[in-house]
Amino acid sequence: IVLRGGFPAWWMEWMLWPVKQVTPQIARLQGLTVVGLGTSIVAIGFSTWVSQFLGGLLVVLAIAAYLVGAGLYVYSTWLSRRGPKEQELA
């Protein structure tokens with residue numbers, strides 16, 4: 001999604017319900033959201049296998065990655081729902 005700038009053709013319409021207008025920029029931001037949330041999950045998983053200090057650091061990084069991913073999701077959804085007048089001004 002990040003590299004192609006588009007969603008796969010097999011995605012159902014209900015999977016894109018929060019996105020009103022799909023543009024390459026919106027698709028890339030949504031792809032970065034997936035990367036951020038995936039990184040968060042992997043970091044939480046690895047935190048149980050390492051020392052307490054490194055595990056705590058991984059958990060903090062996982063929370064940060066989650067917040068960045070959630071922020072990108074909200075921003076990309078907002079961008080896709082802006083009206084045509086707002087897009088011309090930007």
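Start by colouring the predicted model by pLDDT. Among the elements of the protein chain, helix 2 has the highest mean, 90, while helix 3 (residues 84–89) has the lowest, 56. Across the protein chain the average is 81, and 79% of the residues score at least 70. Keep one caution in mind for the rest of the tour: where pLDDT is low, the predicted coordinates should not be read in detail.

**The whole chain**

Switch to cartoon view. You'll find three helices and zero strands, and the elements run α-α-α from the N terminus on. Of the 90 residues in the protein chain, 30% are buried. Turn on a surface and you're looking at about 6,500 Å² of exposed area, with carbon and sulfur atoms supplying 72% of it. As for contacts between residues at least 6 apart in sequence, 60% join residues at least 24 apart.

**Helix 1**

Now select 24–46, which is helix 1. Put a ruler on its end C-alpha atoms and you should get 33 Å; that agrees with the span expected for 23 residues at 1.5 Å a residue.

Show the side chains of its buried residues: Ile-26, Ala-27, Leu-29, Gln-30, Gly-31, Thr-33, Gly-36, Ser-40 and Ala-43. What do they pack against? Bring helix 2 back into view, since that is the packing partner of these buried residues. While you're looking down the helix, remember that an α-helix has 3.6 residues a turn, so residues three or four places apart point the same way.

**Two neighbours in helix 1: Thr-33 and Val-34**

Zoom in on Thr-33, in helix 1. Is it buried or exposed? Its relative accessible area is 5%, and anything under 20% counts as buried, so Thr-33 is buried. Leaving aside its neighbours within four places in sequence, Thr-33 is in contact with Gly-69, Leu-72 and Tyr-73.

Next, click on Val-34, also found in helix 1. Here the relative accessible area is 53%, and the cut-off for exposed is over 50%, so Val-34 counts as exposed. Draw a distance from the C-alpha of Val-34 to that of Leu-72: the two atoms are separated by 9.5 Å, although the residues are 38 apart along the chain.

**Helix 2**

Move on to 52–81, helix 2. This one has 30 residues and reaches 43 Å from its first C-alpha to its last, close to the 44 Å expected at 1.5 Å a residue. Its buried residues are Gly-55, Leu-58, Ala-62, Ala-65, Gly-69, Ser-76, Thr-77, Leu-79 and Ser-80. You've already met one of these, Gly-69, as a contact of Thr-33.

Stop at Tyr-66, which lies in helix 2. At 46% relative accessibility, Tyr-66 counts as partly exposed. Which residues does Tyr-66 touch, not counting those up to four places away in sequence? Show Gly-36, Leu-37 and Ser-40 and you have them. Two of those names, Gly-36 and Ser-40, should ring a bell from the buried list of helix 1. Then check Gly-38: its C-alpha is separated from that of Tyr-66 by 8.5 Å, with their positions 28 residues apart along the chain.

**The nonpolar patch**

Go back to the surface view and select Val-42, Phe-46, Trp-49, Val-50, Phe-53, Leu-54, Leu-57 and Leu-61. Together they form a nonpolar patch on the surface, with about 860 Å² of accessible area. Where do these residues come from? Helix 1 and helix 2 each supply at least two, and helix 2 provides the largest share, four residues. Leu-61 is one of the patch residues that you can pick out in helix 2.

**Before helix 1**

For the last stop, head to the segment before helix 1 and pick Trp-17. With a relative accessible area of 64%, Trp-17 is exposed. Its C-alpha is 9.8 Å from that of Thr-77, even though the pair is 60 residues apart in sequence. Thr-77 itself is on the buried list of helix 2.

Then select Val-22, in the segment before helix 1. This residue counts as partly exposed, at 44% relative accessibility. Draw one more C-alpha to C-alpha distance, from Val-22 to Arg-81: you'll read 9.6 Å for residues 59 apart in sequence.

How values were computed:
Residues are numbered from 1 along each chain as its sequence is written. This is a predicted model: local features need pLDDT of at least 70, side-chain atom pairs count only at pLDDT 80 or more; totals for chains, interfaces and linings use all residues. Side-chain values use heavy atoms; hydrogens and water are left out. Patches are made of residues with over 30% relative accessible area and no salt bridge: like charges are joined within 9 Å, nonpolar side chains (Val, Leu, Ile, Met, Phe, Trp, Tyr) within 5 Å. Accessible areas come from the Shrake-Rupley method with a 1.4 Å probe; for residues, only the protein chains shown count as cover. A salt bridge is a side-chain nitrogen of Lys or Arg within 4 Å of a carboxyl oxygen of Asp or Glu. Buried means under 20% relative accessible area, exposed over 50%, partly exposed in between (1.4 Å probe, protein chains only). Contact means heavy atoms within 4.5 Å. The expected span of a helix is 1.5 Å times one less than its number of residues. pLDDT is the predictor's confidence in each residue, from 0 to 100.
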